[in-house]
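Biologist: Could you put the model up, so we can go through a few spots together?
Modeller: Sure, here it comes.

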Amino acid sequence: FVPECLRFWDAHLKGKATEMEATPPFVAFLKDGAPPSEASATLTAGSWVDVSSSQRFQQTQQWQLCPGAVLRQSGGTAEEGAPEDASVLVTANMLSGLDGGEWLCFSGDDQPLDQTLEDSLSASWTSAPLEQPLAILGAPQASLIVSCDAPCGLVAVRLCDVDDRLGAPSSTLISRGVLNLCHREGHGADQVKGLTPGERYSVVVRLDATGYKVDAGHRLRVSISSNYWPLVWPSPSTQPVTLNVFCNTSALSTLALPVLTSTVLTQPVCTTVPPAFAPSPPSVVVIRKPETERTVTFFDEFGAKIVRNASRAKATRAEVILRYDSGLTYYLDRNLVYFEESVEGYTIVQGEPLSARARCQRLAMLRSPTSEEWERYKKGGPSDSSKDQPWGARVECRAEMWGDERVFHLKHSVIAFELIPGEHFHCPVFDREWSEEIPRDYC
């Protein structure tokens, strides 16, 4: 990305001769399919392709969710011989979604894990092995016929790349989308409506836009669940919400895939510039590198931990912990050291949607360097006298959220500290705690 930006600005702002003129005006990056275990936090395998011409796109592929957990490419007609009332029951599992990673990923630890366990907790439809590679570019869209047993519910749809050719199968997340069924007609105040339990609704779930290549021999899998914690808060019900997804002649549930022609894959765009990363400014010293850790822990009815790869059938409670440590950064021109850390926790009990609870703790600190830091990195530079006038400030924030059938409950606290010159501790200069309630209007 950095070399591409430099080429662009050099050509259009500095007037330098670059390869921009020979580059197609519209190129897209297609990620190579790879199991999550092989994914890199810094480099993504794939290729740039030319999508400047509409001829490189083909008609959107339609895939039908068929009885028997089969995903079949079709021309928009139901599978022959499908039962008139074929439907699939989607029972909410409170542990569904725990392997989904973070909404905005920055490292290997917070990316989605292998989706095999997630698939087993959902209603899934799997295709036959692909005869040819499939290049997906754009936003897949699921058109579903569903019913719900509660006045409020959600549907989460995942599209995965399944490779079961050798050894243990892998399931890699390609894209996902979530819809609050009360928002099926739109998000305006006059469009949000409750559900009539048992009534069928036609809904559209737009999945995240993606660029992804599925290799020949792999399978596509569509998985549907009525819970996706902790990325989405469970529906406001004392009991898990159950959905019915209809896949028969009178109620056709499909997936629309935006794909590229096969010629695009055989003619990748040549980006000859190797990957590169912007160097840190000379006035910035990274004393300690950032670290991120995401852990998922399952517990049985006695509170004992369950091994992650074991069956989740015995799990009665789950906890997700995300830890972020910014590392220690010394800004030489300001003669200040910055540090930030956060801990996020999400817990839920199986079979109890209202047990969902989230908490967050964040700390940010700005201070003068220690004598050791000053001697090692700064000695001889400007503002040397500041080492004899220590200063520091620290802010700590805590937040907690839970909900009942009627409202969301939020509890917050903020404490600010200032370093006392000549002392080794910080003095609180601001302290506030407060709570609030937010009505759960169909969410």
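Biologist: Which loop holds Asn-93?
Modeller: Keep in mind that this is a predicted model. Asn-93 sits in the loop between strand E5 (87-91) and helix H2 (116-120).

Biologist: Is Asn-93 buried or exposed?
Modeller: Its relative accessible area is 18%. The cut-off for buried is under 20%, so Asn-93 counts as buried.

Biologist: Which residues does Asn-93 touch, leaving out those up to four places away in sequence?
Modeller: Closer in sequence, there's a polar atom of the Asn-93 side chain 2.9 Å from the backbone nitrogen of Leu-95. Leaving out residues up to four places away, the ones Asn-93 touches are Leu-121, Asn-227 and Gln-350.

Biologist: On to the rings. How do Phe-8 and Trp-9 pair?
Modeller: The structure holds five aromatic pairs. Phe-8 and Trp-9 form one with 5.0 Å centre to centre and 85° between the planes. Planes over 60 degrees apart count as edge-to-face, and the Phe-8 and Trp-9 pair is edge-to-face.

Biologist: Why does the pair of Phe-29 and Trp-48 count as edge-to-face?
Modeller: The ring centres of Phe-29 and Trp-48 are 5.3 Å apart. The label then follows from the angle, because the planes of Phe-29 and Trp-48 are at 65°.

Biologist: How many residues apart are Phe-29 and Trp-48?
Modeller: Phe-29 belongs to strand E1 (residues 27-32) and Trp-48 to strand E2 (residues 46-50). The pair links distant parts of the chain, and the separation is 19 residues.

Biologist: Is Trp-48 buried, partly exposed or exposed?
Modeller: Its partner Phe-29 has 29% relative accessibility and counts as partly exposed. Trp-48 has a relative accessible area of 32%. Partly exposed runs between the 20% and 50% cut-offs, so Trp-48 is partly exposed.

Biologist: Which residues do ring pairs link into a cluster?
Modeller: Two Trp residues, a Tyr and a Phe are in there. By name, the cluster is Trp-229, Trp-233, Tyr-346 and Phe-408.

Biologist: And over which ring does the charged end of Arg-432 sit?
Modeller: Let's take Arg-394 along with it: its charged end sits over the ring of Phe-417, 4.2 Å from the centre. For Arg-432, the distance to the ring centre is 4.2 Å, and the ring is that of Trp-434.

Biologist: Zooming out, what share of the residues counts as buried?
Modeller: The protein has four helices and 24 strands. Of its 443 residues, the buried share is 44%.

Technical notes:
Residues are numbered from 1 along each chain as its sequence is written. This is a predicted model: local features need pLDDT of at least 70, side-chain atom pairs count only at pLDDT 80 or more; totals for chains, interfaces and linings use all residues. Side-chain values use heavy atoms; hydrogens and water are left out. Helices (H or I, at least four residues) and strands (E, at least two) are DSSP runs, numbered from the N terminus. Buried means under 20% relative accessible area, exposed over 50%, partly exposed in between (1.4 Å probe, protein chains only). A polar contact is a pair of N or O atoms within 3.5 Å; within protein, one must be able to donate a hydrogen and the other to accept it, and residues adjacent in sequence count only if both atoms are side-chain atoms. Contact means heavy atoms within 4.5 Å. Rings of Phe, Tyr and Trp (its six-membered ring) pair if their centres lie within 6.5 Å; planes under 30 degrees apart count as stacked, over 60 as edge-to-face and the rest as tilted. A charge sits over a ring if NZ of Lys or CZ of Arg is within 6 Å of the ring centre and within 35 degrees of the ring normal.
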